Amino acid sequence: MNTAVGLSHSPLIGRNDPGPEVLAAVAEAVGHARSFVRAFDPELVVLYAPDHYNGFFYKEMPPFCLATAAHAVGDFGSAAGPLSVDTEAAGSIARGVLDRGIDLTVSARMTVDHGFVQPLEVLFGGIDQVPVVPVFVNGVATPLGPVSRIRALGTAVGQACALLDRRVLFLGSGGLSHDPPVPVLDGAPPRVADALIEGHPPTPEQRARGEERVVQAGRDYAAGSTRMIPINPAWDNQVLDVFESGRLADVDSWTVEWMGAEGGGSAHEVRTWIAAFASLAATTGDYRMTSRFYAPIPEWIAGFAVATAQSV
């Protein structure tokens, strides 16, 4: 048996929180997911997550990339340092994915940010507590490829993992609808464009200023004084319905434009969930969702969701 967890993340957690009732509901859902993972006791975690221009830049921007080693930058108060990457398993999965016709990029020194770190901290208590294979899935930098290729990636990873004879947790980090102030290359001023292309590491002062801008954006968003696209609960639950039903082939018809219009500029982080659930489905052919939680949380600029599933 294998399992999957989909878990939203936000750099604003703990910095710009909603009211106590919402926090309590989120804590209950996350606690259930944590208990679910603890009971399963995974021997390997395949972690699909996006990047927010901390590790991947326009100088080279793959649609997805698997790491044989990874280091966290420690943004927004998340942990910094090396992830406990299972290099042997990563290499085996990479070969299996390539053998199945997916043009996978591999990184021997991946830089990751809070998108990878938060789920490891939330579910395992740290970034070095469980063997992990990190897989970057681009959900921000346009142009974005067809959603069908993300499902194909997840399927190939799941098929490769099925040969490992290990208990594998497929973990998708991100989404659902949200439109945070992430810079875009098109039309960016020269200084910003250069940073997005070359990836110059920010000074501590620059990082602090950038993070404070995001926090303020969350406050403005919650107050209603913003031009960002609103959270879309109807779309979010439509997406969750697809995962719960197992009709994953439905995502092949989703267009980049439709996802952005319905869910905002960073709704493409949902691609991490698609990959995770496709991986789970590929290991046995079927699964069932065992829990599902959703709440629109403007303070975190996120349609926040937690879901767990296991193969049947």
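Colleague: Why are helices α7 and α9 called roughly parallel to each other?

Modeller: In this predicted model, α7 (residues 233–245) and α9 (residues 270–284) pack at an angle of about 10°, with their axes 11 Å apart. Angles under 35 degrees count as roughly parallel, and α7 and α9 are therefore given that description. Their crossing is right-handed.

Colleague: Which residues make the contact, and how do they divide into nonpolar, polar and charged?

Modeller: From α7 come Trp-235, Val-239, Leu-240 and Phe-243, and from α9 come Val-270, Trp-273, Ile-274 and Phe-277. Val, Leu, Ile, Phe and Trp count as nonpolar, so the contact has eight nonpolar residues, no polar and no charged.

Colleague: Happy with that! Now, what makes the space lined by Asp-51 and Tyr-53 a cavity?

Modeller: A cavity is a set of points where a 1.4 Å probe fits but cannot get out. The search of the whole structure finds one cavity of 30 Å³ or more, and about 50 Å³ of space lies in the largest cavity. Asp-51, Tyr-53, Phe-56, Met-61, Phe-136, Asn-138, Val-140 and Ala-141 line the largest cavity. Asp counts as charged and Asn falls among the polar residues, so the lining has six nonpolar, one polar and one charged.

Colleague: And which element gives the most to the lining of the largest pocket?

Modeller: That is α6, with eight residues. The pocket holds about 1200 Å³ of space and is lined by 39 residues, with His-52, Tyr-53, Pro-183, Gly-210 and Arg-213 nearest its centre. Its lining divides into 20 nonpolar, eleven polar and eight charged residues.

Methods:
Residues numbered from 1 in each chain as written. Predicted model: local features only at pLDDT ≥ 70, side-chain atom pairs only at ≥ 80, totals over all residues. Heavy atoms only, no water. Axes fitted to C-alpha atoms, helices over the stretch in contact; angles between N-to-C directions. Helix = DSSP H or I, 4+ residues; strand = E, 2+ residues; numbered from the N terminus. Parallel < 35°, antiparallel > 145°, perpendicular 65-115°, else oblique. Left-handed = near helix turned anticlockwise from the far one by under 90°. Contact = heavy atoms within 4.5 Å. 1 Å grid on protein atoms, 1.4 Å probe; cavity = no way out; pocket = protein on both sides within 12 Å on 5 of 7 lines; lining within 4 Å. Points joined across faces, edges and corners; volume = space filled by probe spheres on them.
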